[in-house]
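Dear colleague,

Please find below the structure that I am handing over to you. My notes on it follow directly after.

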Amino acid sequence: SIIQTVGKDVARFFYLHRKADAQLEFDIELALKKTDENPVYYVQYAYVRTKSILQKATESLGDNPITEADALHITQEEYTLLRKMLSLKEILMAISKKRETHTLAHYVHELAQVYNKYYSNHRVIDASNIPQSRARLLVTQLVHETIGLCLDLLGLSKPDRM
């Protein structure tokens, strides 16, 4: 079966990624890839990446918790991520009315893309700029929690490492 071949998470995500009335063309080659081309792998990798960053921050910056005060150092780049995360509420409300669950799969994939682009352009942990690092860690923590929530809602696993 497809589930045995590609795994439960991949099969579920591929099915949830399509509109209910759309014909499903299951790309088995893509489903078997463990690269960023595979959307479920990409989303789970972003979840693992954010978790790893948060763990490294604890090791390098100490165990001083991130607080609301750290938001004072958020820049325009972080606001882009925050806006994306805030749009989840509207998406969930629309899903409850229209029953278009594929929009959640699209949303979490887009959020992973936005975060990965952000991460590739911005150093999150910078010992020479602790206030900026803490603001970036605040956003990273929120991204981690948001992706985790989406994975839970989609019925997908939240791996510890990949």
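At what angle do α5 and α6 pack, and how far apart are their axes? The angle is about 175°, and the axes are 10 Å apart; axes here are lines fitted to C-alpha atoms, for helices over the stretch in contact, and angles run from 0 to 180 degrees between N-to-C directions. α5 is therefore roughly antiparallel to α6, a term used for angles over 145 degrees.

Before the remaining findings, two remarks on conventions. This is a predicted model, in which local features need pLDDT of at least 70 and side-chain atom pairs count only at pLDDT 80 or more, while totals for chains, interfaces and linings use all residues. Residues are numbered from 1 along each chain as its sequence is written, and side-chain values use heavy atoms, with hydrogens and water left out.

Confidence and fold. The mean pLDDT (the predictor's confidence in each residue, from 0 to 100) is 87 for the protein, and 88% of the residues score at least 70. The protein has 7 helices and 0 strands, where helices (H or I, at least four residues) and strands (E, at least two) are DSSP runs numbered from the N terminus. Among these elements, α7 has the highest mean pLDDT, 96, and helix α3 (residues 28-32) the lowest, 65.

The α5 and α6 contact. Residues of α5 including Leu81, Met85 and Leu88 meet residues of α6, among them Tyr107, Leu111 and Tyr115; contact means heavy atoms within 4.5 Å. By class, this contact has 12 nonpolar, 3 polar and 4 charged residues. Nonpolar covers Ala, Val, Leu, Ile, Met, Phe, Trp, Tyr, Cys and Pro, charged covers Asp, Glu, Lys and Arg, and the others, Gly among them, are polar.

The core. Of the 162 residues, 40% are buried, that is, under 20% relative accessible area (1.4 Å probe, protein chains only). The largest nonpolar core (buried Ala, Val, Leu, Ile, Met, Phe, Trp, Tyr and Cys residues joined through side-chain atoms within 4.5 Å) holds 39 residues, of which Leu81, Met85, Tyr107, Val108 and Ile147 touch the most other members. α7 gives the most to this core, with 9 residues.

Leu81 and Val143. Leaving aside neighbours within four places in sequence, Leu81 is in contact with Leu111, Val114, Tyr115, Tyr118, Val139 and Val143. Val143 lies in helix α7 and is buried, with a relative accessible area of 0%. With the same neighbours set aside, Val143 is in contact with Thr50, Leu81, Met85 and Tyr115.

Yours sincerely

Notes. Buried means under 20% relative accessible area, exposed over 50%, partly exposed in between (1.4 Å probe, protein chains only). Angles under 35 degrees count as roughly parallel, over 145 as roughly antiparallel, 65 to 115 as roughly perpendicular and the rest as oblique.
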